[in-house]
Amino acid sequence: MHFAHDVNADNFQQIVIEGSQTVPIVIDFWAPWCGPCKVLKPILEKLAEEYGGKFILAKINSDENPDLAAQFGVRGIPNVKAVYHGAVVDEFTGALPEGAVREFIDRILPSPADELRVQAATLRASGDLEGALRTLGEASQLDDRNEQIRLDAAEILVELERFEDAKPLLDSLSPVTLMDDRPRALLAKVNFALAGHGGADEASLRERIAAQPEDMESRLQLAELLVAAGRHAEGMDELLEMIRRDRAWNDDAARKTLLSVFSVLGSHPLVGEYRRKLTAALF
């Protein structure tokens, strides 16, 4: 079996794009006139055989395939790019010694935990959410520092409405991970769901507010209950009313909660509308 191929526009889709869905593809952009290319290419070919299919080497003559070189932003050769699941995940330029190339290859190979994570995604796509969770549990045992595994599991737990199980997973994520939109939205959704479970019901909260319009705690509980029920506009209206009545209450809680609703909604048209309303309420 061959683990190194000459690639051009005719077989690029099959070898690189489709092939990268299974294993990493290491693309070597080279040219016949390039001296360093002649040093690097045999090293890559040797390692491709040695690793026995853990990655596939795709050799692209950049002179004969300028469109492919341009597509990958190649500015100097040799240029090596690793593609996995259709995306460039790492690269280097120049002729590195064999030890450094080996380190590069080892870095891009999926770990057993990564492979289980891919299996879990396949199970989830087929509707087997419990099977996906079990597979992610196995992946986490192999690599308990991988926060993306915990994030995948939390997302499935939210889909199953197991919010109390999802909360500790999300709370365990690092501040850097929580800067991304996906975990922030999940955490906000879980917090709203948990706030909406238990406590006073909608009718009781509305009675309290009718009797005492300045009861901010009841207004906040009502807003959280409405958002958890998917009645986002009604919940955001309550939060805006809180901002109008007492913007600074409980360390700006209404505005912060409204921003959390925006995280839950993502690109929903309501976000733009209520951002404008928030600006009007603040100024």
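**Salt bridges in close-up**

**View 1. Arg182 and Glu155, a salt bridge between two helices.** Arg182 has a relative accessibility of 29% and therefore counts as partly exposed. The model shown here and in the following views is predicted. Glu155, with a relative accessible area of 21%, is likewise partly exposed. Arg182 and Glu155 form a salt bridge in which the closest N and O atoms are 3.0 Å apart. Because Arg182 belongs to helix α9 (residues 181–196) and Glu155 to helix α7 (residues 147–159), the pair ties together parts that are 27 residues apart in sequence.

**View 2. Glu98 and Arg102, a salt bridge within helix α4.** The closest N and O atoms of Arg102 and Glu98 lie 2.9 Å apart in this salt bridge. Both residues are in helix α4 (residues 98–108), with a separation of four residues, or about one turn of the helix. Arg102 is partly exposed at 24% relative accessibility, and Glu98 is partly exposed at 27%.

**View 3. Glu241 and Arg244, a salt bridge within helix α12.** Helix α12 (residues 232–246) holds both Glu241 and Arg244, which are three residues apart, about one turn of the helix. A relative accessibility of 24% places Glu241 in the partly exposed class. The side chains of Glu241 and Arg244 meet at an N to O distance of 3.6 Å; this contact counts as a salt bridge because the cut-off is 4 Å.

**View 4. A network of salt bridges with shared partners.** Arg117, Arg124, Asp152, Glu155, Glu159 and Arg182 are joined into one network by salt bridges that share partners. The count for the model comes to 27 salt bridges.

Technical notes. Residues are numbered from 1 along each chain as its sequence is written. This is a predicted model: local features need pLDDT of at least 70, side-chain atom pairs count only at pLDDT 80 or more; totals for chains, interfaces and linings use all residues. Side-chain values use heavy atoms; hydrogens and water are left out. Buried means under 20% relative accessible area, exposed over 50%, partly exposed in between (1.4 Å probe, protein chains only).
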